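Q: Could you take a close look at one part of this protein with me? I'm new to reading structures, so please spell out the terms as you go.

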Amino acid sequence: MSQRTYNQLWADTQSELTQLLAAELPPEPLRPEKDRVVFFQRLAVLYVRYLQVFRDLEIAYDQVVHPQKRVVIRANLDGVMGRLLELKNEMVEKEFSEYHYMDDVLHDLKLTPEDLEIPIPRHFISECSKDVKERKEMVAKIIKTMEIAEGSQLAMDKEMTQEVAVKIIQVAERRRQGQLRAKLNQESKNMNRMYRNKDPQIADPELAAVCIQKVWKGYVQRKRTKIEREQEEILLGMAIDPKYYSTLPSEITAQENEAQTRITQQEHEEDYQKCIVAITNQLRDVEGHDIGQTMKDQIRQWFFECRDATGTFPDYPDDEEGGSALIFAEKSPQQLMEEIAAKEEEEANAKPKGKEEKGKKDKSKINEDEEEAGLKMLPSAFLADLVIGNKMFDDYWKNRDESKNYNQKHEVELIKEEKRKEIEAEIRLQVDEQMRQELAEWKLSVDKEKVGKAKANAKKKKGSKSGKKKKKEKDLTADRTLESLCQELAEQGILKQPENVKMKNFLGDYSYLGTTLRQNDIEPMPSLSDVRQVLSLYAILPLGSQFVHEKAPLIKAILLAGPAGVGKKMLVHAICQETGANLFDLSPLNTIGKYPGKSGVTMMLHVVFKVARLLQPSVIWIGDAEKMFYKKVPKEEKELDPKRLKKDLPKSLKLIKGEDQVLIIGTTNDPLSADIKGLCKMYSKIILIPRPDYGSRIILWKQLIQKHGGKLTPALNLSSLSKISDGYTPGHIVKVIQTVITKRRILQQAKRPLTAVEFVEPLAKIDPVFQEEEEALKSWYAKTPLGKKRIKAATGQDEEEASAKSAKGKDTKKKGK
């Protein structure tokens, strides 16, 4: 597509965003909604619409080459991502579930389940800052060096073994060739013997020719019939034309165009940055002196206007109040003096004491109680940013004539306009300092006023604002370099290289029965597609964007619970790959014997969290998370001390702030063996991962068979295979496929296509996840805080409690009166 097309996509998306902002920020606030279902429906519609805006903005940002447009698109993209997370948070709080089913919303908006997929912005990896890239390269180099060092010893040990192996293979090959020659000689002797004995098949050449023709004609006819049947199925839409399996020329062209777009983006961005530096220096040199002189003249004029109006020279506004920028606001000297005086009076009376403060609090509580009951939207940290971004589009780009800017390069006038404001702000600070001194001299010479006391008071004010300083965390490794700490963690096996998997590799289908089951008061198990969407929201978007992580609802720790083989570990590695995050392994089994003693645990956690912050984004993985919170440690694991991090890790977790792109992810196969209170206190989000449903199993069999070199033919009944594999996890399916589809079997496919029967035998040797195990996981999840709320909501207990509380509140009001 051309740049004009992507510009139009951006314009259309901004139009949709304008409508959404109008719906969210109406002239008059919406009345509280009493019906929980209606309120959730409103949230769901907003969520789906914002998601479509997110998808389109991500495409536009990825493909638009104009550097100044990309700045505006990026700001709006971050704002929309943050708003999505806020809406998701509200949906969870109102429906008491991490998973939501919005079939009716999709139907109303004429969308498909694929439109609910969370796109992972490509700039998370491609636009890492230079420092981050250098640090990533340093970590990769350290880990690679460690792997080479470990591998070199193994290579030395194997060298002799390899020589012996080569000799054995050579001997075996000679023996095999000798056996083959002996077999051929024997066959030749048998043929000669048959001919001498006048075997009928050999003796009658005409009969042999007829037999050969018969076999050949049958083979040709069967092949022709097979081709005709395949063509008929393609015609009827029952099969896909094989030519579509290969990469089409149009797809190759599109890939080449995308690659060229990346190069153009980089070139335009470099030119833009160079132009910014040049224009800034030019404006500072050419206009800087005149700007400063004009400011001084205006400030002096203000001095005299204030003296004429009030009889004395004014006090100069502090830098914190805006300095001389306050003077240039559209206010008269008298209004400005009144405003400054009002601010000073406000600061003096800022801390009411005793009963007055208590009385005010009581009044505010009464006002809150008197407000209309019902459900309201929570305050947003992103709507104001979206309004500003939308206004920038309307002011600068909506109606801009770009007929002469065919190459979509930066526009110089916009740079001048932006940088002129920055230079004015720089010069203003210098001018303010000079004019304060000048004002002091005027006061001293004209009003005979001494400024010593004023300065002392100003110092006192500044000192009083600073308040108490918070205690800083003690740095136990202040004398160590980052590289040495990384090397230490790599040597200990704590800092690891994530495996090369993506979120799209976590295969699974949409849950088509979720809404129906909930309407019948049955809580459905989430599909693998639901899991993929939730983790993209909770983990990938905040880790990928610093802006989103700082302002969105903060998620510090996530627990992935589910049977073995459902892909929990794979999801951890996928999150690292999609965001470029470093991986730290603090699993109980991985920390055995490392950093011994209480002081060792303190040091280990200090080093891990320090490096994680410096190399952010970072993921701290805790495999077998239940071991840390065992109800009772098994006898065979007592020596391993799996609970050694139980007390200290939650303390380190509290130190994670909004600016720290660090996420703890725990994985567990057996959460029932852990103390549920400790587990839930540690992990604010608990994601239940189920065994795959029928739709997900079909996708798994189909794509994994093809990935391992298998070919899909009518002989392979995927539907039957998916039905009989009910209860088996993706890990089981991968294991079975690897067993069946060997190199030899791949070569045999042309003559003997794959069939479902071949997968049955290895599948039968594996124990599936039985229904009882899944039900036990559901029962365990029902005991978590969110699970309890869900049960209360389903039985109507929360509404009864809410009405009881409101009635109690009214009674207390009456008693007070």
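Q: Is Glu-90 buried or exposed, and which side chain of opposite charge is nearest?

A: Sure, but a quick heads-up: this is a predicted model, where local features need pLDDT of at least 70, side-chain atom pairs count only at pLDDT 80 or more, and totals for chains, interfaces and linings use all residues. Residues are numbered from 1 along each chain as its sequence is written, and side-chain values use heavy atoms, leaving out hydrogens and water.

Glu-90 is buried (under 20% relative accessible area, with exposed over 50% and partly exposed in between, using a 1.4 Å probe and protein chains only). The nearest side chain of opposite charge is Lys-94, 4.2 Å away, and Glu-90 has no salt bridge. That term needs a side-chain nitrogen of Lys or Arg within 4 Å of a carboxyl oxygen of Asp or Glu. For charge, Lys and Arg are positive and Asp and Glu negative, while His and the chain ends are not counted.

So what does Glu-90 touch? Its side chain reaches the backbone nitrogen of Leu-378 at 3.3 Å. Setting aside neighbours within four places in sequence, Glu-90 is in contact (heavy atoms within 4.5 Å) with Phe-39, Leu-43, Lys-376, Met-377 and Leu-378.

Glu-90 is found in helix α3, residues 67–95 (helices are DSSP runs of H or I, at least four residues, numbered from the N terminus). Arg-83 does form a salt bridge, with Glu-24, at 2.6 Å between the closest N and O atoms. That pair links distant parts of the chain, with Arg-83 in α3 and Glu-24 in helix α1 (residues 3–24), 59 residues apart. Arg-83 counts as buried because its relative accessibility is 1%.

Note on methods
Helix = DSSP H or I, 4+ residues; strand = E, 2+ residues; numbered from the N terminus. Polar contact = N/O pair within 3.5 Å; in protein donor to acceptor, adjacent residues only side chain to side chain.
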